[in-house]
Amino acid sequence: MSRPPLRAVIADDQALVRTGFGMILAADGIEVTAEAADGAEAVAAVRRTRPDVVLMDIRMPQMDGIEATGHILADGGTDAPRVIILTTYDLDHYVYAALTAGASGFLLKDVTPEHLVAAVRLVQSGDALLAPTITRRLIERFAHRDEPQITTPHRDLSGLTPRELEVLRLLATGLSNAELADRLFLSPTTVKTHIGRILSKLDLRDRVQAVVFAYETGLIAPGGSA
């Protein structure tokens, strides 16, 4: 029996963006269950249609993408959809706030159709949509700033093994899974297992939140190296 199609909500205050992205997703068999012009509409659309993924513009009237992301993830718990933030700038401080709120990554609005489709499928499968080096660059720029931001709840690192702490620290410096495997003389499968255990123990959704967490707890400081 074939699997049901992926389902997505598109939230953006520009109708042309919503229409264009919708056409791209539909052409690849991804069902757009609803469109929203602001954050409040996005939250209502998610509650009504229960999509797998939300494409969320970060700057919208009434309620912005950060607040909407927080509502959506709080509503859904472990069954919440994955949220991909849409932005014009790759180092927008609003993107950092959205990632700490639980978004699984971000896309620039000039993304190619192929990359857009691949991104939706990637985050729906449980992965995080950020190259490790971009994650680090973004977080190093905005972590520990005085600006108000949404932070991750306190979590106890004592539950991690020494190896898991080492993996988390290296992950936060921007190493990919393959680079982690080479550095630690482990197989890629073993690295994935360690990362999965880290996420489970710290109650984190994906590696993006793990990197944010490593900086916010002081496990690694901005400018730290592997």
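# Burial, pairing and open space in a predicted model

Modeller: Alanine 45 lies in helix α2, where helices (H or I, at least four residues) and strands (E, at least two) are DSSP runs numbered from the N terminus. This is a predicted model, in which local features need pLDDT of at least 70, side-chain atom pairs count only at pLDDT 80 or more, and totals for chains, interfaces and linings use all residues. Residues are numbered from 1 along each chain as its sequence is written, and side-chain values use heavy atoms, with hydrogens and water left out.

Biologist: Why is alanine 45 called buried?

Modeller: Buried means under 20% relative accessible area, exposed over 50%, and partly exposed in between, with a 1.4 Å probe and protein chains only. Alanine 45 has a relative accessible area of 1%, so it is buried.

Biologist: What makes a residue a contact of alanine 45, and which residues qualify once neighbours within four places in sequence are left aside?

Modeller: The criterion is heavy atoms within 4.5 Å. By that criterion, Val9, Ala34 and Arg50 are in contact with alanine 45. Alanine 11, 34 residues away in sequence, has its C-alpha atom 9.2 Å from that of alanine 45.

Biologist: How do you know whether alanine 11 is buried or exposed?

Modeller: Alanine 11 belongs to strand β1. Its relative accessibility is 0%, so alanine 11 falls under the limit and counts as buried. Beyond residues up to four places away in sequence, alanine 11 touches Ala36, Ala42, Leu55, Met56, Asp57, Met60 and Leu86. For one of these, methionine 60, the C-alpha separation from alanine 11 is 8.8 Å, at 49 residues along the chain.

Biologist: What makes β1 and β3 paired strands?

Modeller: Two strands pair if DSSP finds at least two bridges between them. Strand β1 (residues 7–11) is joined to β3 by 4 bridges, so the requirement is met, and the two run parallel. Isoleucine 10 has leucine 55 as its bridge partner in β3. In general, strands of a sheet pair through backbone hydrogen bonds, either parallel or antiparallel.

Biologist: How many bridges support the pairings of β4 with β3 and with β5?

Modeller: β3 and β4 pair in the parallel sense over 5 bridges, with methionine 56 opposite isoleucine 85 in β4. From β3 the chain passes through α3 to β4 in a right-handed β-α-β crossover; the term means that, with the strands pointing away from the viewer, the path from the first strand over the helix to the second runs clockwise. Strand β4 (residues 82–87) and β5 run parallel and are joined by 4 bridges; leucine 86 stands opposite leucine 107 in β5.

Biologist: In what order do the strands form the sheet, and why is one side of β2 and of β5 left without a neighbour?

Modeller: The open sheet has 5 strands in the order β2-β1-β3-β4-β5, with parallel pairing. β2 (31–36) and β5 (105–108) stand at the edges with a single partner strand each, so one side of each has no neighbour in the sheet. Neighbouring strands are turned by 25° against each other on average, direction ignored; such angles run from 0 to 180 degrees between N-to-C directions, and the axes are lines fitted to C-alpha atoms, for helices over the stretch in contact.

Biologist: Why is β3 described as largely enclosed?

Modeller: 5 of the 5 residues of β3 are buried, so the rest of the structure largely encloses this strand. Val53, Leu55 and Asp57 are buried on one side, and Val54 and Met56 on the other. Helix α3 (residues 65–76) lies across β3 (53–57) and β4, at about 160° to β3.

Biologist: Why is glutamate 164 called buried?

Modeller: Glutamate 164, found in helix α7, has 3% relative accessibility, so it counts as buried. Its contacts, neighbours within four places in sequence aside, are Gly159, His194, Arg197, Ile198 and Lys201. Other buried residues of α7 (residues 162–172) include Val167, Leu168 and Leu171.

Biologist: What volume does the second largest pocket have, and which residues are closest to its centre?

Modeller: About 290 Å³ of space lies in that pocket. Of its 14 lining residues, Arg50, Pro51, Asp79, Ala80 and Pro81 are the closest to the centre. A pocket is an open set of points on a 1 Å grid over the protein atoms alone, where a 1.4 Å probe fits, with protein on both sides within 12 Å along at least five of seven lines; lining residues have an atom within 4 Å of a point. Grid points are joined across faces, edges and corners, and the volume is the space filled by probe spheres set on the points. α2 (39–49) and α3 each supply at least two residues of the lining.
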